[in-house]
Amino acid sequence: MTDEKPDLTEENPVLYERDGAVGVLTLNRPQALNALTVEMLETMAAILDGIEADPETRALVVTGSGEKAFCVGADLKSRGSEFEPGLIHDPLGLLVRSVFGRLEKL
């Protein structure tokens with residue numbers, strides 16, 4: 001983890017930077033009001049892996065880019081391509097519970 005500033009382009013839907021002991025995770029899909037996709041949640045899980053292994057990070061701020069919303073929840077349009085009807089477990093739902101459970105424990 002470095003003290004670098006994030007690249008606020010829409011190419012990276014989740015950004016992370018650390019400023020001293022404070023990590024800042026930014027949801028970066030303002031055009032979709034930062035609605036969460038499977039890709040974003042997988043990226044967030046990888047960032048959390050790094051934070052949990054970094055004794056220098058003492059706090060994490062989660063924020064969203066754009067002016068209209070922090071995060072409107074799960075992107076159900078992206079779920080359509082990830083979710084096969086008839087399956088018991090929804091991959092998007094499982095990731096939401098996993099990532100936000102980890103955030104809560106952090």
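R18 is buried in this predicted model, with a relative accessible area of just 12%. Its partner in a salt bridge is D54, and the closest N and O atoms of the two are 3.6 Å apart. The pair links distant parts of the chain, as R18 sits in strand 1 (residues 14-19) and D54 in the loop between helix 1 and strand 3 (59-64), 36 residues apart. D54 is itself buried, at a relative accessible area of 14%. Both ends of this bridge therefore fall under the 20% cut-off for burial.

The setting of R18 fits that picture. Five of the six residues of strand 1 are buried, so the strand is largely enclosed by the rest of the structure. Strand 1 runs antiparallel to strand 2, and six bridges join the two. Within this pairing, L15 stands opposite T26 of strand 2. The hairpin formed by these strands has two residues between them, and G20 takes a positive phi there, near 65°.

Stepping back to the whole chain, there are three helices and three strands, arranged from the N terminus on as β-β-α-β-α-α. The chain has 106 residues, of which 34% count as buried. About 6600 Å² is exposed, with carbon and sulfur atoms supplying 52% of that area. Among contacts between residues at least 6 apart in sequence, 61% join residues at least 24 apart.

The search for salt bridges turns up four in the whole structure. Besides the R18 and D54 pair, R102 bridges to D49, with 2.7 Å between the closest N and O atoms. R102 belongs to helix 3 (residues 91-105) and D49 to helix 1, so this bridge ties together parts that are 53 residues apart in sequence. D49 counts as partly exposed, at 45% relative accessibility. R102 also forms a salt bridge with E52, and here the closest N and O atoms are 2.8 Å apart. E52 is another residue of helix 1, so its bridge to R102 in helix 3 ties together parts that are 50 residues apart in sequence. At 46% relative accessibility, E52 counts as partly exposed too. Through shared partners, the salt bridges join D49, E52 and R102 into one network.

Helix 1 itself has 15 residues and spans 21 Å from its first C-alpha to its last, close to the 21 Å expected at 1.5 Å a residue. Its buried residues are V38, M40, L41, M44, A45, I47, L48, G50 and I51. D49 and E52, by contrast, are partly exposed.

The loop that leads into helix 1 is worth a look as well. R29 has its place in this loop, between strand 2 (22-27) and helix 1 (38-52). R29 counts as buried, at 15% relative accessibility. A polar atom of the R29 side chain lies 2.6 Å from the backbone oxygen of A35. Not counting residues up to four places away in sequence, R29 touches P13, N34, A35, T37, M40, S65 and D75. One of these contacts, M40, is a buried residue of helix 1.

Two more residues of the same loop, L33 and N34, have backbone angles that stand out. Most residues other than glycine have a negative phi. L33, however, has a positive phi near 55°, and N34 has one of about 60° although it is not a glycine. The two part ways in burial: L33 is partly exposed, with a relative accessible area of 29%, whereas N34 is buried at 0%.

N34 is also among the contacts of G64, a residue in strand 3. Leaving aside neighbours within four places in sequence, G64 is in contact with T26, L27, N34 and F70. T26 is the residue of strand 2 that stands opposite L15. The C-alpha atoms of G64 and R29 are separated by 8.1 Å, although the two residues are 35 residues apart along the chain. N34 is thus touched by both R29 and G64.

Notes
Residues numbered from 1 in each chain as written. Predicted model: local features only at pLDDT ≥ 70, side-chain atom pairs only at ≥ 80, totals over all residues. Heavy atoms only, no water. Helix = DSSP H or I, 4+ residues; strand = E, 2+ residues; numbered from the N terminus. Buried < 20%, exposed > 50% of the residue type's maximum accessible area, 1.4 Å probe, protein only. Polar contact = N/O pair within 3.5 Å; in protein donor to acceptor, adjacent residues only side chain to side chain. Contact = heavy atoms within 4.5 Å. Expected span 1.5 Å × (residues − 1). Salt bridge = Lys/Arg side-chain N within 4 Å of Asp/Glu carboxyl O. Pairing = 2+ DSSP bridges. Areas by Shrake-Rupley, 256 points an atom, 1.4 Å probe, with all protein chains shown as cover.
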